[in-house]
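Biologist: I would like a close look at a single part of this model, taken slowly and with its surroundings included. Please choose one strand and follow outward from it.

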Amino acid sequence: MRVAMIGAGYVGLVSGACLANLGHTVTCIDKDTGKIAALRRGEMPIYEPGLAELVAGNVAAHRLFFTTSLAEAVKDAAAVFIAVGTPSRPADGLADLTCVYQAAREIAHTLRGYAVIVTKSTVPVGTGDEIQRIIADIRPDADLSVVSNPEFLREGAAIQDFMQPDRVVIGTDDARAREVMYELYRPLADNGTPVLLTARRGAELIKYAANAFLATKITFINEIADLCEQANADVEEVAHGIGLDHRIGPKFLSAGPGYGGSCFPKDLLALLKAGLDFGVPIRSIETIISINDQRKRAMARKVIAACGGSIRGRPIAVLGLTFKAGTDDMRESPAVAIITALQDAGARVRAYDPQGMTQARSVLNGVEFAHDPYACAQGADALVVMTEWKEFRELDLRRIRCLLKRPILVDLRNIYRPEAMAEHGFTYVSVGRPKVQSAT
Ligand code: UGA
């Protein structure tokens with residue numbers, strides 16, 4: 001099947017490459033001429049494990065193409081995906097749908113026969129109706145269906161999430177469109193993936209509700225972690241104990257510095273604002289957003305307390321800058337707010353990240369960047385682990401211990417065992433677990 005994918009960002013590029021890998025002929029379209037030129041040279045605009053190889057394989061098989069010409073790609077496509085960004089509007093926090101509606105207008109001018117227009121971008125409930133209206137205004141004769149097909153791709157695991165999803169959601173009441181969409185995802189359905197057929201508005205809401213629920217789970221365990229610290233209990237045990245209940249499930253119960261990224265913060269805000277527009281204030285979401293915001297400064301206070309109450313003039317080493325491991329994405333990374341708070345308290349911050357250094361340099365001010373974790377730790381008063389990179393789990397802790405001026409390690413992702421850290425002679429502070437004093 002011929003597919004046009006408008007937007008070669010995270011979602012568009014991964015979805016386009018994966019659909020090509022399922023056997024379809026996919027053209028990814030982007031207005032950014034530099035990005036398209038780079039993609040044609042085989043250079044990826046983002047760090048995503050396995051993506052470069054997947055793209056290269058499907059380009060070589062003549063199933064995946066890149067262009068800046070929307071008209072060229074859309075005119076013969078059976079399915080036209082809209083996968084452009086929907087950032088928060090600075091004025092009110094609602095999703096900015098400018099690019100989505102612009103894409104709809106451009107599609108309208110190029111449509112020939114019947115086509116299915118598929119919204120992959122995360123859009124508020126009712127956006128599909130508006131896309132349909134925009135296209136019908138320009139081309140009353142156009143034969144089309146507008147479908148909501150949300151994505152559930154985690155950065156760092158996006159290809160696996162596309163190829164082995166928990167479900168595929170197809171939101172439309174239109175039988176013709178359902179057939180096209182089913183055909184598109186048939187290889188996944190044949191492998192046992194549940195394909196959920198819903199109304200369009202239901203599909204649009206499923207996406208927001210899923211992200212909001214996951215963010216709620218994280219925020220809940222973070223608060224339980226705070227309680228564990230005061231009550232001298234271990235949050236890992238509590239998370240394990242509740243996660244074994246099938247009604248709760250074990251995933252997204254890792255306590256940490258708060259959620260970040262390009263999705264949860266913006267989607268929760270958009271859901272909250274959309275709720276208000278419908279006259280439905282979703283108080284739980286409002287609370288989750290506020291708890292998560294406050295958590296970042298609280299994490300900085302945790303570091304200051306671990307250092308004895310003051311970090312003024314002190315060098316502090318930070319490992320991990322991106323919003324989580326497995327990505328180079330700095331958007332809404334808790335590390336930014338935490339580092340800023342440490343600097344506000346007078347610390348001199350030196351940092352290292354396996355993939356995020358380039359992006360971090362443009363976001364962080366006054367931070368010294370180290371070329372590896374050991375150079376980062378050298379002479380620091382404390383080492384703060386901000387993300388759960390495998391590289392950090394495998395550090396030579398004896399060496400780190402010798403390099404640090406004071407053996408204080410604040411682990412905001414609980415990647416080490418407290419007992420092992422005590423044996424190594426660290427004063428070890430983690431999240432929701434008993435503090436361990438250096439054995440030496
Ligand atoms: C998230 C969702 O997981 C995807 O299903 C969704 O498609 C995507 O947003 C999107 O809307 O496009 P992503 O933002 O890549 O994916 O990251 P997650 O792996 O969900 O992590 C989000 C944040 O929560 C990170 O800061 C992470 O460190 C944090 N987190 C996650 C925790 O603190 N604890 C956990 O147990 C899990």
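What follows is one request about a strand, and then one connected answer.

Biologist: How many residues of β9 are buried, which strands are joined to β9 by bridges, and which residue meets R314, in the loop before β9, in a salt bridge?

Modeller: Please keep in mind throughout that this is a predicted model. Strand β9 covers residues 315-319, and because five of its five residues are buried, it is largely enclosed by the rest of the structure. The side chains are divided between two directions, with P315, A317 and L319 pointing one way and I316 and V318 the other way, and all of them are buried.

Two neighbouring strands pair with β9. Strand β10, residues 348-352, runs parallel to β9 and is joined to it by five bridges, and within that pairing P315 has R348 as its bridge partner. Between these two strands the chain passes through helix α13, residues 334-344, in a β-α-β crossover that is right-handed. Strand β12 also runs parallel to β9, here with four bridges, and L319 stands opposite V385 of β12.

The loops that lead into these strands carry a charged contact. R314 and D381 form a salt bridge through their side chains, with an N to O distance of 3.4 Å. This pair connects distant parts of the chain, since R314 sits in the loop between α12 (283-306) and β9, whereas D381 sits in the loop between α15 (373-377) and β12 (382-385), 67 residues apart. The two partners differ in their surroundings: D381 is buried, with a relative accessible area of 1%, while R314 is partly exposed, at 27%. Nor does the pair stand alone, as R314, D381, K405 and R406 are linked in a network of salt bridges. As background, side chains of opposite charge can pair when their charged atoms come close.

For context, the count for the structure comes to 31 salt bridges. Among them is the pair of R139 and D141, whose closest N and O atoms are 3.0 Å apart; R139 is buried at 18% relative accessibility, and D141 is exposed at 55%. Another is the pair of K75 and E72, also with 3.0 Å between the closest N and O atoms, in which K75 counts as partly exposed at 27% relative accessibility.

A helix elsewhere in the chain can be set beside the strand. Helix α5, residues 98-110, has 13 residues and spans 19 Å from its first C-alpha to its last, close to the 18 Å expected at 1.5 Å a residue. Its buried residues are V100, Y101, A103, A104, I107, A108 and T110, and what covers them includes the strands β1 (2-6), β4 (79-82) and β5 (115-119), together with the helices α4 (70-74) and α6 (127-138).

Finally, covalent links between cysteines can be set aside, as a search of the whole structure finds zero disulfides. C18 is buried at 0% relative accessibility, and its sulfur lies 10 Å from the closest cysteine sulfur, that of C28, which is too far for a bond. C99 is likewise in no disulfide, with the nearest cysteine sulfur, in C263, 16 Å away, and C99 counts as partly exposed at 44% relative accessibility.

How values were computed:
Residues are numbered from 1 along each chain as its sequence is written. This is a predicted model: local features need pLDDT of at least 70, side-chain atom pairs count only at pLDDT 80 or more; totals for chains, interfaces and linings use all residues. Side-chain values use heavy atoms; hydrogens and water are left out. A salt bridge is a side-chain nitrogen of Lys or Arg within 4 Å of a carboxyl oxygen of Asp or Glu. Buried means under 20% relative accessible area, exposed over 50%, partly exposed in between (1.4 Å probe, protein chains only). The expected span of a helix is 1.5 Å times one less than its number of residues. Contact means heavy atoms within 4.5 Å. Two strands pair if DSSP finds at least two bridges between them. A crossover is right-handed if, with the strands pointing away from the viewer, the path from the first strand over the helix to the second runs clockwise. A disulfide is a pair of cysteine sulfur atoms within 2.5 Å.
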